[in-house]
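Hi,

Here is the structure I said I'd pass on to you. Have a look at it first, and then read on for what turned up.

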Amino acid sequence: MQKLKPLLLLALLLATGSAFLFLPMRQWFLLLQGHIEALGVLAPFVVVVAYVALTVLLIPGSALTLGASTIFGFWKGLAIVLAGANLGALCSFLLARTLMREKVALWAAAHPKFAALDRAIGQNDFKMVFLARLSPVFPFTLLNYLLGLTTVRMVAYILANLFGMLPGTVLYVYLGATAREALAGSAATGATLWQQALKVVGLLATIAIVIGVTRSARKVMAQADAETANSTVSNSPTSETSR
């Protein structure tokens, strides 16, 4: 599944490009932008609440991330998405530690890899949650719940989430912000070919960085899991008896 992520990202880019060519995207964008702007100062808060709800309901927020950055632009969109994603992750985490603990335990039992992650978190909670976010062994929305079963400290969980989801979030927000400029007709208002080329190069560079960081994190996480498993085996009663 991890090897398919670059292909899925490429498919997303191709689908976005096709939509610009064959669908009335600019008209739809202006219509949606008008509805959002009608909310006034409440608009960012509405999007944050929607993101939290999607996350708790185990619905991926990729489309909302792209939509938010397309409507609000890069920096404001990034702030809104990070707020919604992190608050949603925290809500799911707290639900797993309280009302939904038994249900989440059943989900965890269906994912053998979670046991290795749980052991590794016991050794270094911030590091392992951070790596899991960079190279998720589980879907983002599901991992929020599963981590609620572990011994990770809440502060470590919050900080690891914030920094771990940042590279992927920046990529999607950059893509949405680039689409915003295209939909707004920035080329017709004086943007030069050179400026457009720089934006494309920036997007490709961002994709390359995210893929590189993800692969590195996957290797480090696999090594940490192996070391934790070996440590557990060496400290087990059977191992002590054999000595």
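**Starting from the core**

Leu-117 sits in helix H7. Before I go further, bear in mind that this is a predicted model.

Is Leu-117 buried or exposed? Its relative accessible area is 1%, and buried means under 20%, so Leu-117 counts as buried. Leu-117 also belongs to the largest nonpolar core, a set of 26 residues, where Leu-117, Leu-146 and Leu-147 touch the most other members. Helices H5 (74-97), H6 (101-109), H7 (113-123), H8 (125-134), H9 and H10 each give two or more residues to this core. H9 gives the largest share, five residues. There is also a second core, separate from this one, with 16 residues; Tyr-51, Ile-71, Phe-72 and Leu-82 are among them. As background, nonpolar side chains tend to be buried together in soluble globular proteins.

Two of the well-connected leucines are worth picking out in the viewer. Leu-117 and Leu-146 are separated by 29 residues in sequence, and their C-alpha atoms are 9.9 Å apart in space. As for Leu-147, which residues does it contact once its neighbours within four places in sequence are left aside? They are Phe-93, Arg-97, Leu-117, Ile-121, Val-129, Arg-133, Val-152 and Tyr-157.

**H9, mostly covered**

H9 deserves a look of its own: seven of its eight residues are buried. Those are Thr-141, Leu-142, Leu-143, Asn-144, Tyr-145, Leu-146 and Leu-147. What do the buried residues of H9 pack against? The answer is H3, H5, H6, H7, H8 and H10.

**The loop after H9**

Follow the chain on from H9 (140-147) and you reach Thr-150, in the loop before helix H10 (154-164). Although it is in a loop, Thr-150 counts as buried because its relative accessibility is 6%, below the 20% cut-off. A polar atom of the Thr-150 side chain lies 2.7 Å from the backbone oxygen of Leu-147. The Thr-150 side chain also reaches the backbone nitrogen of Val-152, at 3.4 Å. Leaving out residues up to four places away in sequence, Thr-150 touches Arg-97, Phe-114, Asp-118 and Ile-121. Arg-97 and Ile-121 may ring a bell, as they are among the contacts of Leu-147 too.

That loop also holds one end of a salt bridge. How many salt bridges does a search of the whole structure find? One. In it, the side chains of Asp-125 and Arg-153 meet at 2.7 Å, N to O. The pair links distant parts of the chain, with Asp-125 in helix H8 and Arg-153 in the loop between H9 and H10, 28 residues apart. The two ends sit in unlike surroundings: Asp-125 is buried, at a relative accessible area of 11%, while Arg-153 counts as exposed, at 54%. In general, side chains of opposite charge can pair when their charged atoms come close.

**Further up the chain**

Now for the surface. Leu-39, Val-41, Leu-42, Phe-45 and Val-46 make a nonpolar patch of about 510 Å². Within that patch, Val-46 lies in helix H3, which covers residues 43-56. Val-46 is partly exposed, as its relative accessible area of 43% falls between the 20% and 50% cut-offs.

Leu-58 is one for the backbone enthusiasts. It is in the loop between H3 and helix H4 (62-72), and its phi is near 65 degrees, a positive value in a residue that isn't glycine. For context, most residues other than glycine have a negative phi. Leu-58 counts as partly exposed, at 33% relative accessibility.

**The whole chain**

Stepping back, the secondary structure comes to 13 helices and zero strands. Of the 243 residues in the chain, 38% are buried. Take the contacts with a separation of 6 or more, and 84% of them join residues 24 or more positions apart. The chain exposes about 13,600 Å², and carbon and sulfur atoms supply 72% of that.

Cheers

Note on methods. Residues are numbered from 1 along each chain as its sequence is written. This is a predicted model: local features need pLDDT of at least 70, side-chain atom pairs count only at pLDDT 80 or more; totals for chains, interfaces and linings use all residues. Side-chain values use heavy atoms; hydrogens and water are left out. Helices (H or I, at least four residues) and strands (E, at least two) are DSSP runs, numbered from the N terminus. Buried means under 20% relative accessible area, exposed over 50%, partly exposed in between (1.4 Å probe, protein chains only). A polar contact is a pair of N or O atoms within 3.5 Å; within protein, one must be able to donate a hydrogen and the other to accept it, and residues adjacent in sequence count only if both atoms are side-chain atoms. Contact means heavy atoms within 4.5 Å. Patches are made of residues with over 30% relative accessible area and no salt bridge: like charges are joined within 9 Å, nonpolar side chains (Val, Leu, Ile, Met, Phe, Trp, Tyr) within 5 Å. Accessible areas come from the Shrake-Rupley method with a 1.4 Å probe; for residues, only the protein chains shown count as cover. A salt bridge is a side-chain nitrogen of Lys or Arg within 4 Å of a carboxyl oxygen of Asp or Glu. A nonpolar core is a set of buried Ala, Val, Leu, Ile, Met, Phe, Trp, Tyr and Cys residues joined through side-chain atoms within 4.5 Å.
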